[in-house]
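Subject: Handover of a structure

Dear colleague,

I am handing over the structure shown below. My notes on what was found in it follow.

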Amino acid sequence: MGPIVRPQVLADTDAVRAILTDAFADEGHVATLAEALLDGPSRVALVAEAGDEVAGHVQLSRSWLDAPRRLVDVLVLSPLGVAPRHQGTGLGAQLVRAALKAAATMKTPLVFLEGDPGFYGRLGFERADKLGFTSPSVRIPEAAFQVAPMAGWKRWMTGALVYSDVFWTHDAVGLRSTD
Ligand SMILES: CC(C)(COP(=O)(O)OP(=O)(O)OC[C@H]1O[C@@H](n2cnc3c(N)ncnc32)[C@H](O)[C@@H]1OP(=O)(O)O)[C@@H](O)C(=O)NCCC(=O)NCCS
């Protein structure tokens with residue numbers, strides 16, 4: 001049977017922690033972020049199964065766009081991780097497509113993320129600064145700040161992305177200098 005993508009359930013907790021810790025090789029920092037999001041602003045949490053095992057995870061959580069008229073609810077796609085032994089088999093792309101489909105169902109106008117344009121550019125994302133959005137941190141490389149405009153996006157919805165506090169309390173915005 002081919003890979004399937006389905007909503008994450010409680011029984012997936014340990015598998016998702018292991019996937020994210022292995023994928024990011026970070027001793028659990030991103031896994032802890034993912035769990036904190038689930039306890040708060042998470043709106044969509046999906047896993048990909050390959051064979052008998054859970055092999056990938058993606059999450060969408062609520063953040064805001066500080067637009068001139070008002071704060072607009074938007075979604076942030078983070079984290080996305082695929083277990084190293086399953087990378088390169090299409091699971092990552094499948095998880096992103098499923099997340100965007102869920103975002104469309106929720107009538108979200110915009111989905112933001114930080115990531116490699118080489119990967120996300122083929123999946124509906126483009127440079128957010130080129131569309132006039134302001135990055136939430138000077139520590140995010142310009143090309144990495146990306147957005148997928150959805151059907152409900154109106155041109156007045158411009159301004160700065162404001163991450164939910166979970167990203168800040170976990171210091172999970174942008175890249176830190178190693179100096
Ligand atoms: C990034 C990640 C989620 C991709 O998942 P995946 O299942 O390996 O991706 P897919 O198999 O769907 O797609 C693989 C394709 O994307 C490309 N790709 C993967 N990671 C890439 C990256 N960082 N930059 C550019 N291209 C990338 C591969 O070269 C491959 O291209 P091909 O189809 O032309 O051969 C996975 O590599 C991962 O978990 N990485 C570690 C954690 C991470 O960086 N997460 C994303 C943070 S923004």
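I begin with strand 4, in which Pro-79 is found. A cis peptide bond joins this proline to Ser-78, with omega at about -5°. Please keep in mind throughout that this is a predicted model.

A further backbone detail concerns Ala-25, which lies in the loop between helix 1 and helix 2. The phi of Ala-25 is near 45°, a positive value in a residue other than glycine. Both details deserve a mention because most residues other than glycine have a negative phi, and most peptide bonds are trans.

As for the overall fold, the protein chain has five helices and eight strands. Read from the N terminus on, the elements follow the order β-α-α-β-β-β-α-β-α-β-β-β-α. The C-alpha trace spans about 50 × 40 × 30 Å along its principal axes. For 179 residues, a compact globule would have a radius of gyration near 16 Å; the protein chain has 16 Å and therefore agrees with that expectation.

The two helices on either side of Ala-25 also pack against each other. Helix 1 and helix 2, the latter formed by residues 29-38, meet at an angle of about 140°, and their axes are 7 Å apart. Helix 1 is therefore oblique to helix 2. The crossing of helix 1 past helix 2 is right-handed. On the side of helix 1, the residues in contact are Val-16, Arg-17, Leu-20, Thr-21 and Phe-24, while helix 2 contributes Val-30, Ala-31 and Ala-34. By class, this contact has six nonpolar residues, one polar and one charged.

Finally, I turn to the ligand. Which residues come nearest to the ligand? Of the 16 residues around it, these are Gln-87, Gly-92, Ala-93, Gly-115 and Gly-118. Two or more residues of the shell are given by each of the following elements: helix 1 (13-24), strand 4 (71-82), helix 3 (91-105) and helix 4 (117-120). Helix 1 thus appears both in this shell and in the packing with helix 2, and strand 4 both here and as the place of Pro-79. The shell around the ligand has seven nonpolar, eight polar and one charged residues.

With kind regards

Methods. Residues numbered from 1 in each chain as written. Predicted model: local features only at pLDDT ≥ 70, side-chain atom pairs only at ≥ 80, totals over all residues. Near = placed C-beta within 6 Å. Helix = DSSP H or I, 4+ residues; strand = E, 2+ residues; numbered from the N terminus. Nonpolar A, V, L, I, M, F, W, Y, C, P; charged D, E, K, R; others polar. Axes fitted to C-alpha atoms, helices over the stretch in contact; angles between N-to-C directions. Parallel < 35°, antiparallel > 145°, perpendicular 65-115°, else oblique. Left-handed = near helix turned anticlockwise from the far one by under 90°. Contact = placed C-beta atoms within 7 Å. Rg over C-alpha atoms; globule rule 2.2 N^0.38 Å.
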